[in-house]
Amino acid sequence: MREAAKKFTNKKTLSETGFSYVTGNLSVHSPYGNSILRSQEAFLPGEEKKLEIEFDRLEEMISFASREPKKARTLMESLCLAKDISGSIKRSEAVTLSVVEIFEIKSFLLLCEEIRKIIGEGNFELIPVSDAIDVLDPKGDRMNTFYIYDEFSEKLAELRAEKKALDTEIRRVQKAKKDSIKAEYGIMLTPKFDIVIPKSSDDCEQAKNIDLLETVAEDYSSVTFALKADAETYKLIEKAENFNMAIEEEEENCCVRLSRRIWEYADVILENGRRIGYLDLMLAKANYSIEHKLVRPKIMEEHILSIKNGRHLQVEDILESRGKVYCPISMELREGVTCITGANMGGKTISLKLAGLIMLMTQYGYFVPADSAEVGLSNFMGILIGDSQSMERGLSSFGSEMEELKDILAGAKPRSLILVDEIASGTNPSEGQALTESLIDYLSEKEYISLMTTHFDVKDERAVSMQVRGLADADFRRLNSELSGADRNERIDIIGKYMDYNLALVETGEEVPKDALNIASMLGIPEEIIMGARRHLEKDKK
């Protein structure tokens, strides 16, 4: 992994923005695909051409999955069969692989050829491995089985032939004895040259007196007799054991030679494993893009983030599961500070997360959930969000928040995307507002795209102010009518239905709507408290 990529962002940012949710919902089918997914690196400024090539390939895969769904399903089924044999390949230089390992390698090679036929030529083409298959498949039958074939060794073939002839001779001798016992005593041995006789049977005592039989087992009701091995049989069996040892030794020699031959193809096999992983991940991205109607973002040289009707995928999925509709959000961010204000129910945090999600999906080579998006790549991305209590270190939520802010600012560099959600909400309002305004001053001097949400009234000409439209255009008569007969949970859902989560630019000096008081009133807070709050606001303005 590139050193720069390590510092691009952290796990919390990936999780809080919803990017981890996206990658966790990709249908990757092979261990190679999962490995590529876990080791993804972001495309950084200066790598725009590489990212465009990645997007070209994703478009090619989307076209394939849309145009040939049956082939795509067949490909997925094949990817499910891919087993990670990279460990065995790397060991094959110095270690003798087992028959099972060699079988798994042969299966993988056959699978590579199947995938090559499905995917054809192009950006996802696998390297031909028919020569490597020939090494493990001397008969050329291309069956998904493996055995140490006679074709691997003339010596092995000779040993097995002699052993087979000897086994035939042993069975001939044993069968002759079996036939003589049947002819003389009327006792019929099984093909394994034994017999179980009940103790109550007359044959049991008779069998005990037959020199060619011996007792091998006995319980309360029966006795098991088997053909006794005489000197001739013992000699043949001993000779057969010697052949078995020689055969095992030569099979081991074959495994040694096959292991070294496999190593000769190590680079090709390992590269095909990597290509299968990339193919698997790209197919998963393509299917996810089709399912969620994702679009290719336009990569810009300028450091900007422009989103038209963007959708936060995790929130959208949750709302759809509840039968609700997601309200798309548009925004245009450039270097400098943008502040989003609005009531706590107004979706400010989702807007913040959406900005981070679109940037991350773009820089990790994904299409994005929007009607369109223009993205200038960032060098660093950090998000400060939520109640980040750190009980282990004994810090309050505010203390932990400051620790995280320090880390984000220390990691930031030119062309960073900094996302801050309602900083200092856990301390007293006067200090919180002062800290918020000072942070705006600091970020305004940096070459960052900084997006902040706040419940404070921020009046800084250097910051672009945006307001969640909220209830600005709501039909309050209809809304109050619906609220009148609703219970507590229903009231919250009803208000949510009337909320407009789109962002509107607030001009300098323009009055910011006080949706919090409207919402508090509609949820049943006594009117005298609401009116008192309005009087305090008027007093503060003076």
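Colleague: Which residues form one aromatic cluster with Phe8?

Modeller: Good place to begin! Phe8, Phe19, Tyr364 and Tyr366 form one aromatic cluster. Do keep in mind that this is a predicted model.

Colleague: How many aromatic pairs does the count come to?

Modeller: The count comes to ten aromatic pairs. To read one, look at the distance between ring centres and the angle between ring planes; planes over 60 degrees apart count as edge-to-face. Take Phe19 and Tyr366: their ring centres are 5.5 Å apart and their planes stand at 85 degrees, so this pair is edge-to-face.

Colleague: Which parts of the chain does the pair of Phe19 and Tyr366 tie together?

Modeller: Phe19 belongs to helix α3 (residues 19–24), while Tyr366 sits in the loop between α15 and β8, so the pair ties together parts that are 347 residues apart in sequence.

Colleague: Are Phe19 and Tyr366 buried or exposed?

Modeller: Phe19 and Tyr366 are both buried. Tyr366 has a charged neighbour too: Lys285 lies over the face of its ring, 4.3 Å from the ring centre.

Colleague: What kind of pair do the rings of Tyr147 and Tyr149 make?

Modeller: Apply the same reading. The ring centres of Tyr147 and Tyr149 are 6.0 Å apart and the planes are at 80 degrees, so this pair is edge-to-face. Now look at accessibility, where buried means under 20% and exposed means over 50%, with partly exposed in between. Tyr147 has 46% relative accessibility and therefore counts as partly exposed, whereas Tyr149, at 6%, counts as buried.

Colleague: Let's turn to the sheet. What is the order of the strands in the open sheet of four?

Modeller: Read across the sheet from one edge to the other. The order here is β4-β8-β5-β6, and the pairing is mixed. Strands β4 (298–300) and β6 (329–334) are the edges, each pairing on one side only. From one strand to the next, the twist averages 15 degrees.

Colleague: In which sense do β5 and β6 pair?

Modeller: Strand β5 (residues 304–310) pairs with β6 in the antiparallel sense, over five bridges. To find your way on the screen, look for Gly310, which stands opposite Ile329 in β6.

Colleague: Which helix lies across β4, β5, β6 and β8?

Modeller: That is α15 (residues 348–363), which runs at about 110 degrees to β5. Strand β8 in this group covers 372–376.

Colleague: As a bench person I always ask about cysteines. How many disulfides does the structure hold?

Modeller: The structure holds zero disulfides. The way to check is by distance, since two cysteine sulfur atoms must lie within 2.5 Å to count. For Cys254, the nearest cysteine sulfur is that of Cys255, at 7.1 Å, and Cys254 is in no disulfide. Cys254 is buried, with a relative accessible area of 1%. Cys112 is buried as well, with a relative accessible area of 0%.

Colleague: Where does Asp137 lie?

Modeller: Asp137 is in the loop between α9 (130–136) and α10 (154–185). At 2% relative accessibility, Asp137 counts as buried. Leaving aside residues up to four places away in sequence, Asp137 touches Lys106 and Arg142.

Colleague: And for the whole chain, how many helices and strands are there?

Modeller: The chain comes to 21 helices and 13 strands. Of its 542 residues, 45% count as buried. Among contacts with a separation of 6 or more, 74% are between residues 24 or more positions apart.

Key. Residues numbered from 1 in each chain as written. Predicted model: local features only at pLDDT ≥ 70, side-chain atom pairs only at ≥ 80, totals over all residues. Heavy atoms only, no water. Pairing = 2+ DSSP bridges. Helix = DSSP H or I, 4+ residues; strand = E, 2+ residues; numbered from the N terminus. Axes fitted to C-alpha atoms, helices over the stretch in contact; angles between N-to-C directions. Contact = heavy atoms within 4.5 Å. Phe/Tyr/Trp six-rings, centres within 6.5 Å; stacked < 30°, edge-to-face > 60°. Buried < 20%, exposed > 50% of the residue type's maximum accessible area, 1.4 Å probe, protein only. Lys NZ or Arg CZ within 6 Å of the ring centre and 35° of its normal.
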